Structure formats: C-alpha cells, structure tokens
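Reader: I work at the bench and would like a close look at one part of this model rather than a quick tour. Could you start with the first chain, go through its helical packing slowly, and then bring in the second chain?

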Amino acid sequence: MNPERSLGEFEQIVLLAVLRLGDAAYGVTILDEIAAKTGRNPAPGALYTTLHRMEDKGLVTFRDGSPTPERGGRAKRFVTVTREGRNALASAQSAYQSLLQGLDLLDAKLFGGAYA
Amino acid sequence: MPESISSANISRTAPAEWLLARVAGSTRATAILGDLTEMAQTRGRLWFWIAYARTLVSLGWRTPVAFLLAIASVKFMLVRVLHLVAHYGAHHLGDVGLFGEMNREVLWNLPMVIAQCLFFALPFVFVCYGRRNRLTQLACTLLLITIPVYTALPWVRDLSGVLTLLAIVAALLLSLWRRPVIVLAATSVTAIAVVTTCAYILTSVFHHRKVFACEAIGIAIALMVCSHLHGWLLEERPALIGDTHA
C-alpha cells in the first residue's frame, strides 16, 4: 500500500461519518455525526484540516450546494468519498479486523467480563 | 441565551473570511465561514470567534513556521557549517581525491550545492507535508548522502559525490521518485537563481549588500514554487493505481 494513502485514526472517523451521512455530508453534519457516534467533539479546525488533506490526496471530493440564510448566504460544500478513499478506508479497517481476530475484545466489553 | 451571528452582522465577518481565504483558498474559506455561522446560531458569537481563531491557526500555521525554520536552517548552515568547512578544509585544498582533478569539480561541488539547497528545502517540506511524503523522504535521503561532503577527507567526499550521482540517476529512472526529484530540482534552481539575481541587483544597482534579504527573498520564492509543484506529486499516474489499491 502506498504510505501516502495510509489513513490515520481521525481520517478514518471522518471518512466513516461522511459515508454514513451520504449526500448530506458537510462540515456541520459531519461534526454532529462524529459527536453523536463517538462522543468526541472535534474542533472545526481539525475537521477542515483533515478534509483538505484528504482532498489533496484524492480521498474525498467536494461539490457546492445552494446558499442558505442561516449560513449568511454562503453555500454548503458537500463531501463525497472517492473510490480511492473507500479503498483506503477498507484497507485500514481490514488491518484492524485482522488484528482484532481472536481477541474477543468486543464481547468482553459488551458483557463486562473477563478482560474488565 | 448566547448571542448568535445573524445575517445582519455577517458583513462584520468579511475581513475574517478574507484572512481565512489567504490560508485556505476562497472557496474553502467561504464554506468554512458558512459552517461556523450556521453552528454559531445555537452556540453564540464568542464560540464563533474562538472556533474561527482555532481554525485559522490549524489551517495556516505550517507555511510560516516552515518558512522560518528554512531561514534558520540556512543561517545555521552559513554560520556554522561553512565556517567549519573553511577552517578544516583549508588543509586539504590541494587534494585531488580518488578520481583526479577533473572529476573533483563534479564529485565535490555537486553534493555541496545540493546539500546547501536541502538545508532550506528539507525543513520546509518536513513541516508542510510530513515525514511520509515522498518529497520529504527524498530530501532527507539526499541530505544524508551529501552531508559527508563537508568533511575534509577526500575519499569521503568522493564517496559522497558518487552516491549522490547514483541516487539522482536511480530516482530519475524510477517512476515513483522521478517527480519528487524534479520538484526538488526546480525548487533548488529557483532559489539559486533568485538569490543570485537579488544579490547582483542589490550590489550593482544599490551598491550595498543585503545578503540576508537576498536569501529570504530567494527562499520565499523557491518555497512558493515548491508548494505550487507539490500538487503535481499527488496526481496519481495510471501505472500506480494498481499499487495503491493493492
């Protein structure tokens, strides 16, 4: 795998949030989705830095929406994950899955058992 | 109830948008300001300005820091490294090395010039693009190969020169490393050309020597060239898509 295409943890979180949101993914909804699903409240600057870096790498693309009054007449920029972004995410998740296999980590957490 | 950013006072954020556009580009800046304005409806004006300041720093800190590091690195090279070379190298001025007088000009001067260029290019690309970037990796490798040329030992200089030549030829032959070599070469040639031109103009037209100003202008323009060309490295070539997705 090209090392410039390997993904950091936050990049994976952002890509997953964008995929979950589908056509409605833009800055505000991505931040809300990450907060709702992970309990984290990332700074907007961190999100934009990550999105711009992934755009430069060709992992995501943007398309402009229509301007709205609550945004001061500014248009939304909707995010879409590219094929390359999906492949990089799948590759990273596959690595996690391989490492998790045989550990029963999720079961232990769910049932508050042996590894607590 | 926090005071929200309404569309009535949006005009007050126009300078903020202009400033953000300087570091992120106008399209990105407009979208970011729109997002922050939308979120500020429920979080208040204070939140808006704090989030704006943090976003501005997050997006814009790398370039000025990288530029200052590049300048500091060049000053270190000029003040410390070249001083040491002048001090210890004086005893070996007559040495010809393993390959004779003619080859000495190429084998010793080529790595010397490349190392001097890399003293400003490496800190810049490291801060701007990170250690995993091909440009950073190539600059780091070339600096490690060329730095021994500053030792006074002729055989070390010869070895450094030969390795530098081999590394450049190998990089030009390999499709993965050809573009980074070209970007580094373009950056270095620009720096040398601008510094030389500025120094010539200052000394011949204005009759005084502002060496530091020449270096700063040269490095700034060279780094703009480097930033502009860097996007070219990220354009994936068809032959590499299979590797990337493997």
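Author: Happy to. In this predicted model, buried residues account for 28% of the 116 residues in chain A. The chain has five helices and two strands, and from the N terminus on they come in the order α-α-α-β-β-α-α. Of the contacts in chain A with a separation of 6 or more, 45% join residues that are 24 or more positions apart.

Let's begin with helix 1 of chain A. With its 13 residues, helix 1 of chain A reaches 19 Å from first C-alpha to last, close to the 18 Å expected at 1.5 Å a residue. Its buried residues are A:E11, A:I13, A:V14, A:L15, A:A17 and A:V18. What covers them? The cover includes helix 2, helix 3, strand 1 (60-68), strand 2 (74-81) and helix 4 (83-100) of chain A. Just after helix 1 of chain A comes A:G22, whose phi is positive, at about 65°.

One residue of this helix is worth a pause. A:F10 lies in helix 1 of chain A. Is it buried or exposed? A:F10 has 15 other C-beta atoms within 10 Å, so it counts as partly exposed; a buried residue would need 20 or more, and an exposed one would have 12 or fewer. Leaving aside neighbours within four places in sequence, A:F10 is in contact with A:A46 and A:T50. A:T50 is also one of the buried residues of helix 3 of chain A. Looking further along the chain, A:F10 and A:Q93 are 83 residues apart in sequence, and their C-alpha atoms are separated by 13 Å.

Now for the partner in the packing. Helix 1 (residues 9-21) and helix 2 (residues 27-38) of chain A pack at an angle of about 105°, with 9 Å between their axes. The two helices are therefore roughly perpendicular to each other, because that class runs from 65 to 115 degrees. Helix 1 of chain A brings A:I13, A:V14, A:A17, A:V18, A:R20 and A:L21 to the contact, and helix 2 of chain A brings A:T29, A:I30, A:E33, A:I34 and A:T38. Sorted by class, this contact has seven nonpolar, two polar and two charged residues. Going back to the buried list, A:I13, A:V14, A:A17 and A:V18 are among the buried residues of helix 1 of chain A.

Helix 3 of chain A (residues 44-56) comes next. At 1.5 Å a residue its 13 residues should span 18 Å, and the end C-alpha atoms are 18 Å apart, which agrees. The residues buried here are A:P44, A:L47, A:Y48, A:T50, A:L51 and A:M54. Viewed down the axis of helix 3 of chain A, these buried residues fall within an arc of 165°, so they line one face of the helix. Just after this helix, A:G58 takes a positive phi of about 80°.

Here is chain B, for the other half of your request. It has ten helices and zero strands, giving the pattern α-α-α-α-α-α-α-α-α-α along the sequence. Of its 246 residues, 30% count as buried. Residues 24 or more positions apart make up 68% of the contacts in chain B with a separation of 6 or more.

A helix pair in chain B lets you see another kind of packing. Helix 6 (residues 134-146) and helix 7 (residues 154-173) of chain B pack at about 155°, with axes 8 Å apart. That makes helix 6 of chain B roughly antiparallel to helix 7 of chain B, because angles over 145 degrees fall in that class. The contact is made by B:L138, B:T141, B:L142, B:I145 and B:T146 on helix 6 of chain B, and by B:S160, B:L163, B:T164, B:A167 and B:A171 on helix 7 of chain B. Its residues divide into six nonpolar, four polar and no charged.

Helix 7 of chain B has 20 residues and reaches 29 Å from its first C-alpha to its last, close to the expected 28 Å at 1.5 Å a residue. Buried within it are B:R157, B:D158, B:S160, B:G161, B:T164 and B:A167.

One last stop is B:H87, in helix 4 (residues 62-89) of chain B. With 10 other C-beta atoms within 10 Å, B:H87 is exposed. B:H87 and B:A152 are 65 residues apart in sequence, while their C-alpha atoms are 9.6 Å apart in space.

Technical notes:
Residues are numbered from 1 along each chain as its sequence is written. Chains are lettered from A and ligands numbered from 1 in the order in which they are written. This is a predicted model: local features need pLDDT of at least 70, side-chain atom pairs count only at pLDDT 80 or more; totals for chains, interfaces and linings use all residues. Axes are lines fitted to C-alpha atoms, for helices over the stretch in contact, and angles run from 0 to 180 degrees between N-to-C directions. Helices (H or I, at least four residues) and strands (E, at least two) are DSSP runs, numbered from the N terminus. Angles under 35 degrees count as roughly parallel, over 145 as roughly antiparallel, 65 to 115 as roughly perpendicular and the rest as oblique. Two residues are in contact if their C-beta atoms, placed from the backbone, lie within 7 Å. Ala, Val, Leu, Ile, Met, Phe, Trp, Tyr, Cys and Pro count as nonpolar, Asp, Glu, Lys and Arg as charged, and the others, Gly among them, as polar. The expected span of a helix is 1.5 Å times one less than its number of residues. The arc is that of the directions from the helix axis to the C-beta atoms.
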